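Okay, thanks for coming, everyone. I'll put the structure up and then talk you through a few of its side-chain contacts.

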Amino acid sequence: MRTIDENSTFRLSWDVFIFLLVVASGLLIPFQLSFRHVPLALGSGLVYLIDFVFGVDLILNFCTSFRQHGVKITAARQTAGHYLKTVFFIDLVANFPLDAFFLAGDEVRVGVLSLVLILRQ
């Protein structure tokens, strides 16, 4: 498997793209919570698309080189192992779609807000 250089144009562009998606999520989610009591189809679709891209980012992180004591590590097994030992669990929890488990059952409501909507956001 090929390793992605941490300083490559692709990886830097990808990181900027991910940053922009984080900002978009930070704007879209509060909007949906504040002004809509029912999620918009377009907004929800966009959130699911962003979740998918974050999942792709999680996979790409397994293949991205890193530096250890100033030495660039490019071996695929070492990069995957390093990612698993460092921030993989945090990334996995952050990308885990809790609402997928709650959408199958009845909605739990507090006032006019659905807890499923809050969890989705």
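Let's start at Glu6, which sits in the segment before α1, the helix that covers 9–35. Before I go on, keep in mind that this is a predicted model, and every value I quote is computed from it.

So, what does Glu6 touch, once you leave out residues up to four places away in sequence? The list is Arg11, Leu12, Thr64, Ser65, Phe66, Arg67 and Lys72. Pick out Arg67 from that list: its side chain makes a polar contact with the side chain of Glu6, at 3.2 Å. That pair is also a salt bridge, with the 3.2 Å taken from N to O. The bridge links distant parts of the chain, with Glu6 in the segment before α1 and Arg67 in strand β1, residues 66–68, so we're looking at partners 61 residues apart. As for cover, Arg67 is partly exposed, at a relative accessible area of 45%.

Now let me zoom out for a second. The protein has six helices and four strands, and along the sequence they run α-α-β-β-α-α-α-β-β-α. There are 121 residues, and 31% of them count as buried. If you take the contacts with a separation of 6 or more, 61% of them are between residues 24 or more positions apart. The accessible surface is about 8,200 Å², and carbon and sulfur atoms own 71% of that.

Back to the charges. How many salt bridges turn up in a search of the whole structure? Four. You've seen Glu6 with Arg67, and two others share Arg11.

In one of those, the side chains of Asp15 and Arg11 meet at 3.3 Å, N to O. Both residues are in helix α1, four residues apart, which is about one turn of the helix. Is each partner buried or exposed? Asp15 comes out at 33% relative accessibility, which makes it partly exposed, while Arg11 has a relative accessible area of 5% and is buried.

Arg11 also forms a salt bridge with Asp57, and here the closest N and O atoms are 3.5 Å apart. Arg11 is in helix α1 and Asp57 is in helix α2, so this bridge ties together parts that are 46 residues apart in sequence. Asp57 is buried, just as Arg11 is. Put the two bridges together and you get a salt-bridge network of Arg11, Asp15 and Asp57. And remember that Arg11 is among the residues Glu6 touches.

On to the rings. The whole-structure search gives five aromatic pairs. Take Trp14 and Phe17: the ring centres are 5.7 Å apart and the planes are at 55 degrees, so this one is tilted. These two are three residues apart in helix α1, which separates them by about one helical turn. Trp14 is buried, with a relative accessible area of 15%, whereas Phe17 is partly exposed at 37%.

Now compare that with Phe62 and Tyr83. Their ring centres are 4.9 Å apart and the planes are at 85 degrees, so the pair is edge-to-face. This one links distant parts of the chain: Phe62 belongs to helix α2, residues 41–62, and Tyr83 to helix α3, residues 76–85, with their positions 21 residues apart in the numbering. Tyr83 is buried, at a relative accessible area of 5%. Going back to Trp14 and Phe17 for a moment, ring pairs join them with Phe10 into a cluster.

Last stop is the outside. Which residues make the nonpolar surface patch of about 500 Å²? Val16, Phe19, Leu20, Val23 and Leu27. Let's look at one of them, Val23, which is found in helix α1. Val23 is partly exposed, with a relative accessible area of 37%. Why can Val23 be counted in a patch? Patch residues need over 30% relative accessible area, and Val23 has 37%, so it clears that cut-off.

To wrap up, helix α1 kept coming back: it holds Asp15 and Arg11, the tilted pair of Trp14 and Phe17, and Val23 from the patch. And just before α1 there's Glu6, bridged to Arg67 over in strand β1. That's what I had, so over to you.

Conventions:
Residues numbered from 1 in each chain as written. Predicted model: local features only at pLDDT ≥ 70, side-chain atom pairs only at ≥ 80, totals over all residues. Heavy atoms only, no water. Polar contact = N/O pair within 3.5 Å; in protein donor to acceptor, adjacent residues only side chain to side chain. Contact = heavy atoms within 4.5 Å. Phe/Tyr/Trp six-rings, centres within 6.5 Å; stacked < 30°, edge-to-face > 60°. Buried < 20%, exposed > 50% of the residue type's maximum accessible area, 1.4 Å probe, protein only. Patch = residues over 30% accessible without salt bridge, like charges linked within 9 Å, V, L, I, M, F, W, Y side chains within 5 Å. Areas by Shrake-Rupley, 256 points an atom, 1.4 Å probe, with all protein chains shown as cover.
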